[in-house]
Amino acid sequence: MSNGSSNNNNNTARFDAARRVAIFGGTHGNEMSGVTLVNLWMQNSAEIQRKGLEIKPFLTNPKAVEKCVRYVDTDLNRAFTQENLSATGGDELPYEVQRAQEINRMFGPKGSAEAYDVIFDLHNTTSNMGCTLILESSKDAFNLQMMNYIKKAFAPASCLVLLNEHPLLKYSTSRSVAKHPVGMEVGPQPQGVLRSNIFEAMRVILKHALDFISLFNEGMEFPPCTVEVFRVLERMDYPRDANGNIIAMVHPNLQDCDWEPLNPGDPMFQTFDGKSIHYQGSSTVYPTFINEAAYYEKQQAFVTTRRETLAASAIRKA
Ligand SMILES: CC(=O)N[C@@H](CC(=O)O)C(=O)O
Ligand SMILES: [Zn+2]
């Protein structure tokens, strides 16, 4: 069978071998771990090669990398909408929309049988998120099994999974061109800065991810498993005045506390004259992307999540 999965009598989901894999860096030109790793691997790819696999390291936004900015005209990691991908206008289109169309031609088309099997997209955050993998679907047993494999291989260090399948907050990412999109977000690392611990963590997680794909392609069966994920619930903006200017900062009790419980009544912002603003929700949530530099323009101080345990069926090569 082709694209996707089906269940046999044993409830083992079958997927085609994942032969074509891309590693994207520089989707945001100022997130230096991914930019640097991909540049390294474009010069010498020995470290990322695996038998029977075609693995392509690729710099997705070279103009933004050149300038060391997140983007030139518009955020590439929001640009992969069907509308953009089919837009006419050629050179007149925003640079990142043109680039999205090129990437879609090379690695897609998005949603088609010809699309790449897996795309890893390497990002850094200024938030204290540690190692995070980002999924866009709770239904993809292949990706869930990959998360389970990576978490175990990476232990005792921790690697958390952020699930963004929110109907309104989900966005059209570069990696969404692939059949199995995987985002990698490692921080804290300032924009334009390389930190060795962050760089090395990203490198190790990617190694485990490629090992998983190799084992899968060799025919290993992965038994049913469960994966703890943090599901995106709500975007929290900074308090602002009538002109849209920020009137409070992330509260010191919340700063750097990504993935720690935020309870109703806990302080979340602090005004410039020292007053606390408290979380008004009705239940405990787990904030992440706290004080991410790139999200000031997106009116987001942090995002709340809920912990969930997802079940993944067994998987095996078709
Ligand atoms: C800080 C940053 O760029 N985060 C990524 C998250 C993702 O890849 O889904 C983004 O907003 O596109
Ligand atoms: Zn990014």
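This report describes the ligand site, salt bridges, cysteines, surface patch and backbone geometry of a predicted model.

Local features are given only where pLDDT is at least 70, and side-chain atom pairs only at pLDDT 80 or more, while totals for chains, interfaces and linings use all residues. Residues are numbered from 1 along each chain as its sequence is written, chains are lettered from A and ligands numbered from 1 in the order in which they are written, and side-chain values use heavy atoms, with hydrogens and water left out.

## Ligand site

Ligand 1 has 14 residues around it, and the nearest of these are Asn77, Arg78, Tyr171, Arg175 and Tyr295. A residue counts as near when one of its heavy atoms lies within 4 Å of the molecule. Polar contacts (pairs of N or O atoms within 3.5 Å; within protein, one atom must be able to donate a hydrogen and the other to accept it, and residues adjacent in sequence count only if both atoms are side-chain atoms) include the three in the table.

| Side chain | Partner atom | Distance |
|---|---|---|
| Arg78 | oxygen of ligand 1 | 2.8 Å |
| Arg175 | oxygen of ligand 1 | 2.7 Å |
| Tyr295 | oxygen of ligand 1 | 2.5 Å |

Taken alone, ligand 1 exposes 330 Å², and the protein buries 100% of that area. Accessible areas come from the Shrake-Rupley method with a 1.4 Å probe, and for residues only the protein chains shown count as cover.

## Salt bridges

The model has 19 salt bridges, each defined as a side-chain nitrogen of Lys or Arg within 4 Å of a carboxyl oxygen of Asp or Glu. Helices and strands named below are DSSP runs numbered from the N terminus (helices H or I, at least four residues; strands E, at least two).

Arg175, already named at the ligand, also forms a salt bridge with Asp121, with the closest N and O atoms 3.8 Å apart. This pair links distant parts of the chain: Arg175 is in the loop between strand 6 (159-163) and strand 7 (180-187), and Asp121 is in strand 4 (residues 118-124), 54 residues apart. Both Arg175 and Asp121 are buried. Here buried means under 20% relative accessible area, exposed means over 50%, and partly exposed lies in between (1.4 Å probe, protein chains only).

Asp211 takes part in two salt bridges, one with Arg50 at 2.9 Å, N to O, and one with Lys207 at 2.5 Å, N to O. The Arg50 pair spans 161 residues, from the loop between helix 1 (32-43) and strand 3 (54-59), where Arg50 lies, to Asp211 in helix 6 (residues 196-217). The Lys207 pair stays within helix 6, its residues being four apart, about one turn of the helix. Asp211 is buried at 16% relative accessible area, and Arg50 is buried at 16%, whereas Lys207 is partly exposed at 40%. Elsewhere, salt bridges that share partners join Glu31, Arg70, Asp75, Glu297 and Lys298 into one network.

## Cysteines

The model has zero disulfides, a disulfide being a pair of cysteine sulfur atoms within 2.5 Å. The cysteine sulfur closest to that of Cys131 belongs to Cys159; at 5.6 Å it is too far for a bond. Cys159 is in no disulfide. Cys131 is buried at 9% relative accessibility, and Cys159 is buried at 3%.

## Surface patch

Ile247, Met249 and Phe272 form a nonpolar surface patch with about 300 Å² of accessible area together. Patches consist of residues with over 30% relative accessible area and no salt bridge; like charges are joined within 9 Å, and nonpolar side chains (Val, Leu, Ile, Met, Phe, Trp, Tyr) within 5 Å. Phe272 is in the loop between strand 10 (267-271) and strand 11 (276-278), and is exposed at 57% relative accessible area.

## Backbone geometry

Most residues other than glycine have a negative phi, and most peptide bonds are trans. The bond from Gly108 to Pro109 is cis, with omega near -5°, and Pro109 lies in the loop between helix 4 (95-107) and strand 4. A cis bond also joins Ala155 and Pro156, with omega about 10°; Pro156 is in the loop between helix 5 (141-154) and strand 6.

Asp256 has a positive phi near 70°. Asp256 lies in the loop between strand 9 (248-250) and strand 10 and is partly exposed, with a relative accessible area of 41%. Asn291, also not a glycine, has a positive phi of about 60° and lies in the loop between strand 12 (286-288) and strand 13 (302-312).
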